[in-house]
Amino acid sequence: MPTTFRALLPLILTIALAAAFTARADTTDSKWATEVVIAKQGDHCADDPSCMNRLHPAIPPVAHANPGDIITMGTRDALDSDLTLDSIADDMAALDLNLVHPMTGPVHINGAKRGDALAVELLAIDPDQYGYTLIVPGFGFLRDLYTESYIVNWKLTARGAVSDQMPGITVPYEAFPGSIGVLPGEPEVQAWKAREAALAEAGGIALAPQPIGGLPAAVCGPEGSHAADCLRTIPPRENGGNMDVQQMQVGTTLIFPCFVDGCGLFIGDVHYAQGDGEVSGTAIEIGAVVTVRASIIEGGGAGMVAPQVSGNDEIRDIEPTRFHQTVGLPLKAAGEVPIYVTYLESEKIGALENLSEDLTLAARHALIQMIDYIQAEHGLTREQAYILASVAVDLRVGQVVDVPNYVVTAVLNLDVFDKYRN
Amino acid sequence: MLLGALLAGMLGAVAVPAWAHTPYRQWQVYRQRHLVIGASREDAESYPKAKELQAFLEEHLPDASARVARARTLQRLADLIATDQLRVLLLSLGDAEALMRGDDPFAYAVPDLRTLARFGDHVLCARTEFPDAHAWILAWTFAEHDRAGQPTDLPVPVHTGVELALAGEPMPPLPDDLEADASEEVEVPHRH
């Protein structure tokens, strides 16, 4: 062996080994699908060119993906907040509600056309380490009974959510995107805007476009090209959006009618866990990394009215192994006008103790009983009980035939109590 | 209960015209049914001072139902008051002037910012649209209990309602939509 070669041998071996491990270190480098990664940038949606908080077909895509590509999106919490583990109730009243909800996207799915449907398979959700649940004054199902701010800060792991403010409780990890959908087309924007304006005119709760805080600013901000037409993300609509349906778990496939070419897929507002109803107005709200895969159903949107979901055992997997259930009927005190019907200005409702075929009143009846039960049986405060109900109590329709008393039940997942678990 | 009844009327009644500017009308109602004082983490003194002010108002103007909102940044306070999501801020003298002018750390100006009261190096501020009657009631209460310093030589002009109160003028009329809440048996307070 030449002297020169012998001298260089260690260096050659080092380079060779490095090259080998760089090229085939482990399974990481063995790929079979194209990955489209949209990572979060900056602290808030306004800092992130891949983030929007309004809906309009003129919002340009932040990425393109082919059907079958693995699409990974970094998402933000529902309020685009700066809440942290040490946040207190006084921090809540300083939240800027014009920033709700930051969505990651839209992603243009190559080949999709208006009139098609988009099937979105939820592959994975990787949660942040912090989440929060709020009682927001003036908001939530029992907003007339809970009028003060309250916050629970959660520490999150893949096993469950725990909080110093909720001792003895571990909420199982059952994450899903609270908001997921596709962009509306121009006809949908005009139709939805008109119907919501009519509702607002009648005194109902509907939110007109709000350019202040609207993103992307070039389209939806005060000087934006479509400032007056960018829809708020708060109500879910036929394009999906803020549906808050906990059965949309990893493994399920969500199907959306496409209203624009490319569909314009967006995701955000991930919930670490939520009860059916999300009664306080918030779930365990988190940022997360969400991975999905999309496919096109040609012409599939034609027969669709709204999103649909298909799955296998995902619903079974989030069911409690033990539970307590209350039964709600459409009953109330004489003289009480439930807050959700005040805009109808009915003179009949106040005097009645029993309303007819009223699921909302039955749900309220069941929920109030459940909160009473949680306080009496498990020693939580009324605020803690309301928070727990928001993240671990399911409001369920029992029946809609036995007039006048339709039934809604409230089902508490008793698995959340550490005392029942090993 | 003269002040109490007036404040009860003052709260919440302007929700309807303002709600279109906010995403959650219900939350807007809350923010107007309470006298929510905005403070900021960036100004560490502002939050404890705002809490002291809340305690004072709970004692002397309980129907104001005072609350404190603690924003993470000063800019957030600007965003909230500029979009009618908050109506009253507690700012340092320097921050108040900067907000009125749009100087650093603020991204834009709120030129119609006005002083409601001075507390040492801080001022309670609102925009000119904050009703004169409400400003008058606050100023009258602070003065009656020697709670605030004289609002003189301030970088931010004094609110008209405060000027009237400190000049001994009677309380300005309530906004039209509040008149129904101020019953005839309520006496309008005069500063002695």
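Two residues are in contact, for the purposes of this talk, if their C-beta atoms, placed from the backbone, lie within 7 Å. With that in hand, let me turn to chain A of this predicted model. Among contacts in chain A between residues at least 6 apart in sequence, 76% join residues at least 24 apart. For chain B, the corresponding share is 66%.

Let me first set out the composition of chain A. This chain contains seven helices and 22 strands. Its C-alpha trace spans about 105 × 55 × 40 Å along the principal axes. Of the 422 residues in chain A, 46% are buried.

I begin with a sheet in chain A. Six strands form an open sheet in the order S1-S5-S18-S7-S15-S19, and the pairing is mixed. Strand S1 (35-38) and strand S19 (308-310) of chain A stand at the edges; each has a single partner strand, so one side of each is left without a neighbour in the sheet. From one strand to the next, the twist averages 25 degrees. Within this sheet, strand S7, residues 117-127, and strand S18, residues 288-297, of chain A are paired in the antiparallel sense over 10 bridges. As one example of the register, Ile125(A) has Val290(A) in S18(A) as its bridge partner.

Next, strand S8 of chain A, residues 130-135. Why is this strand described as largely enclosed by the rest of the structure? Six of its six residues are buried, so S8(A) has that character. In general, the side chains of a regular strand alternate between the two faces of the sheet. In S8(A), both faces are covered: on one side Tyr130(A), Tyr132(A) and Leu134(A) are buried, and on the other Gly131(A), Thr133(A) and Ile135(A) are buried. S8(A) is joined by six bridges to strand S9, residues 150-156, of chain A, and the two run antiparallel. Here the bridge partner of Gly131(A) is Trp154(A) in S9(A).

Two helices of chain A deserve mention. Helix H7, residues 382-392, is mostly covered, with 10 of its 11 residues buried. Among them are Tyr386(A), Ile387(A), Leu388(A) and Val391(A). Against which elements do the buried residues of H7(A) pack? They pack against S8 and S9, which we have just met, and also against strand S11 (171-172), helix H6 (359-378), strand S21 (393-399) and strand S22 (407-413) of chain A. Helix H3 of chain A, residues 186-201, has 16 residues and reaches 22 Å from its first C-alpha to its last, close to the 22 Å expected at 1.5 Å a residue. H3(A) is followed by Gly203(A), whose phi is positive, near 100 degrees.

I now move to chain B. Its secondary structure comprises eight helices and five strands. Along the sequence these follow the pattern α-α-α-β-α-β-α-β-α-β-β-α-α. In chain B, buried residues account for 52% of the 192 residues.

One residue of chain B will serve as a closing example. Leu90(B) is located in strand S3, residues 88-92, of chain B. Is Leu90(B) buried or exposed? Leu90(B) is buried, because 28 other C-beta atoms lie within 10 Å, and the criterion for a buried residue is 20 or more. Leaving aside residues up to four places away in sequence, Leu90(B) touches several residues, including Ile37(B), Ala50(B), Leu53(B), His122(B) and Leu124(B). Ser46(B) is another residue that Leu90(B) touches; the two are 44 residues apart along the chain, yet their C-alpha atoms are separated by 6.4 Å.

Conventions. Residues numbered from 1 in each chain as written. Chains lettered and ligands numbered in written order. Predicted model: local features only at pLDDT ≥ 70, side-chain atom pairs only at ≥ 80, totals over all residues. Pairing = 2+ DSSP bridges. Helix = DSSP H or I, 4+ residues; strand = E, 2+ residues; numbered from the N terminus. Axes fitted to C-alpha atoms, helices over the stretch in contact; angles between N-to-C directions. Expected span 1.5 Å × (residues − 1). Buried ≥ 20, exposed ≤ 12 C-beta atoms within 10 Å, placed from the backbone.
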